[in-house]
Amino acid sequence: MKKVCVFFLFFFSCSNYSFALTAVPAAVPAQTSIKQGSPIFFTLYFHNTSEEEMEAKIENRIECFLSTNSKFISSTAVSVDNIESETLILKKDDFKVLNYRLELPPSLKGEVRISMGIYPEVEFSIISIKASEFEKTSYKTFDSMLHLYQPYLENFTPYKPIYFLIGADPKESKFQLSFKYRFFGNNSKTAQKYPWTKGLHFGYTQTSFWDLKSESIPFKDTSYMPELFFISPNIMNPEYKKFRFFMQTGLQHESNGRDEDESRSTNFLYFKPMFLFFADKKPYGLLISPKIWSYINNEDETNKDLYKYRGYFDLQVTLGKADSFLLESSFYRGSKGGSVRVDFYYPLHKFFKNFDLYFQTQYTNALAESLINYKKRNESIRFGFALVR
């Protein structure tokens with residue numbers, strides 16, 4: 001099993017050089033903050049820094065997807081230079097600069113995330129502010145100054161769900177924190193020269209199991225999970241507008257930070273393809289994501305048979321609507337039995353305006369949910385709130 005996963009990792013890391021055959025543009029907005037309802041102006045840069053010729057697909061009109069925490073709509077960016085749609089051949093060191101105008105509907109406010117159908121790797125965000133407040137906001141807040149003097153913050157984003165859940169039995173309460181950091185930002189020189197480096201990340205997830213019923217409300221166990229991973233851009237032809245295919249591969253450590261008999265730790269080398277289906281111009285989507293892994297340097301003294309309870313395979317299926325519900329299931333199986341977890345999320349702003357959290361319900365029937373009692377099956381229902389789903 002280890003040999004299979006190593007082969008996947010090697011094959012995938014080598015195959016990424018083929019992505020350079022098609023030039024991936026970098027998008028730079030003219031402003032990061034605009035008046036609500038004003039048009040957005042942005043520039044696309046195509047630059048061939050490789051030794052081989054590259055294709056650059058340019059369009060007079062680009063379908064864009066605009067999303068906030070509460071809305072998901074599409075709009076069309078139009079070339080300011082009135083170019084014609086065509087495919088250019090860029091030789092070494094050739095570049096092409098394109099300027100576009102995108103109308104922003106007046107109903108969108110706050111952070112607006114913008115992605116493009118023909119260039120799925122390109123994404124950026126702007127802040128839409130009420131006209132009466134726009135002039136008052138430029139570098140007036142601590143956060144705006146924080147981003148001004150720490151430009152690498154744009155590389156820091158959420159990773160897995162972030163939540164706090166109380167069990168139907170309070171002894172089974174649980175919370176999770178997670179983030180990822182992109183080593184090379186979209187506008188860095190390295191990413192411009194080697195586009196595949198945009199997929200290199202450090203990730204960290206911490207899951208804590210909390211007994212809220214006992215007198216001292218102790219933590220029963222905590223899993224600390226740092227990892228290094230690569231996630232690819234969309235591998236499918238952009239002409240397939242209703243389907244995306246990504247691949248993620250990496251090395252993850254997991255331990256509970258205890259010593260002696262209560263110490264638990266293991267390492268995984270994993271490979272995870274992600275098949276994403278979505279309705280064109282609609283916010284519905286389906287994600288199917290199988291994951292296979294191999295154990296490396298597993299702790300043989302205190303959890304040598306962990307593989308019997310976790311297995312080597314996990315299947316995640318997620319169905320959701322961008323501005324509404326999300327239903328996610330995860331299933332894995334070892335020789336000692338199968339395990340399942342189901343999460344349901346729903347945005348609370350549907351009931352309470354300006355309340356930017358998700359209601360979450362989680363059902364778990366699993367072996368090895370935590371490392372400390374990995375041989376014990378735990379069945380629980382939890383309710384709570386999620387910041388990221």
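**Asp-343 is buried (under 20% relative accessible area for a 1.4 Å probe and protein chains only, against over 50% for exposed and in between for partly exposed), with a relative accessible area of 1%.** The model is predicted, so that local features need pLDDT of at least 70 and side-chain atom pairs pLDDT 80 or more, whereas totals for chains, interfaces and linings use all residues. Residues are numbered from 1 along each chain as its sequence is written, and side-chain values use heavy atoms, without hydrogens or water. Asp-343 belongs to strand 21, a strand being a DSSP run of E of at least two residues, numbered from the N terminus. Its carboxylate forms a salt bridge (Lys or Arg side-chain nitrogen within 4 Å of an Asp or Glu carboxyl oxygen) with Arg-341, where the closest N and O atoms are 2.9 Å apart. The side chain of Asp-343 also makes a polar contact of 2.8 Å with the side chain of Gln-362, the term covering N or O atoms within 3.5 Å, one able to donate a hydrogen and the other to accept it, with sequence neighbours counted only between side-chain atoms. Leaving aside residues up to four places away in sequence, Asp-343 is in contact (heavy atoms within 4.5 Å) with Leu-326, Leu-327, Glu-328, Gln-360, Thr-361 and Gln-362.

**Glu-328 and Arg-341 meet through their side chains in a salt bridge, with an N to O distance of 3.8 Å.** Because Glu-328 lies in strand 20 (residues 326-334) and Arg-341 in strand 21 (residues 337-347), the pair ties together parts that are 13 residues apart in sequence. The acidic partner, Glu-328, counts as buried at 11% relative accessibility, whereas Arg-341 is partly exposed, with a relative accessible area of 27%.

**Glu-172, Lys-174, Lys-220, Glu-369 and Arg-382 are joined into one network by salt bridges that share partners.** The structure as a whole holds 12 salt bridges. Within the network, the side chains of Lys-220 and Glu-172 come together at 3.2 Å, N to O. This pair links distant parts of the chain, 48 residues apart, with Lys-220 in strand 15 (residues 219-231) and Glu-172 in the loop between strand 12 (162-167) and strand 13 (173-182). Lys-220 is partly exposed, at a relative accessible area of 33%, while Glu-172 counts as buried at 17% relative accessibility.

**Strand 13 pairs in the antiparallel sense with strand 14 (residues 200-210) over 10 bridges.** Pairing requires that DSSP find at least two bridges between two strands. In this pairing, Phe-179 stands opposite Tyr-204 of strand 14. Strand 11 (residues 156-158) is likewise antiparallel to strand 13, to which three bridges join it, and here Phe-156 faces Tyr-181. Strand 12 is also joined to strand 13 by three bridges in the antiparallel sense, with Phe-164 standing opposite Phe-175. Strand 12 and strand 13 form a hairpin, in which five residues lie between the two strands.

**Eight strands make up an open sheet with mixed pairing, in the order 1-3-8-6-5-9-10-2.** Strand 1 (26-29) and strand 2 (33-35) are the edge strands, each of which pairs on one side only. Strand 6 (residues 72-79) and strand 8 (residues 95-102) run antiparallel and are paired over three bridges. Ser-79 stands opposite Tyr-100, which lies in strand 8.

**The largest nonpolar core has 29 residues, of which Phe-42, Leu-44, Phe-46, Ile-114 and Met-116 touch the most other members.** Such a core is a set of buried Ala, Val, Leu, Ile, Met, Phe, Trp, Tyr and Cys residues joined through side-chain atoms within 4.5 Å. Two or more residues come from each of strand 3 (40-47), strand 4 (54-58), strand 5 (61-67), strand 7 (86-90), strand 8, strand 9 (110-116) and strand 10 (123-129). Strand 3 contributes the most, with four residues. Beyond the residues up to four places away in sequence, the contacts of Leu-44 are with Pro-25, Ala-26, Ala-27, Ile-62, Lys-96, Val-97, Leu-98, Tyr-100, Met-116 and Tyr-119. Another core, of 11 residues, lies apart from the largest one and includes Phe-268, Leu-306, Tyr-309 and Leu-367.
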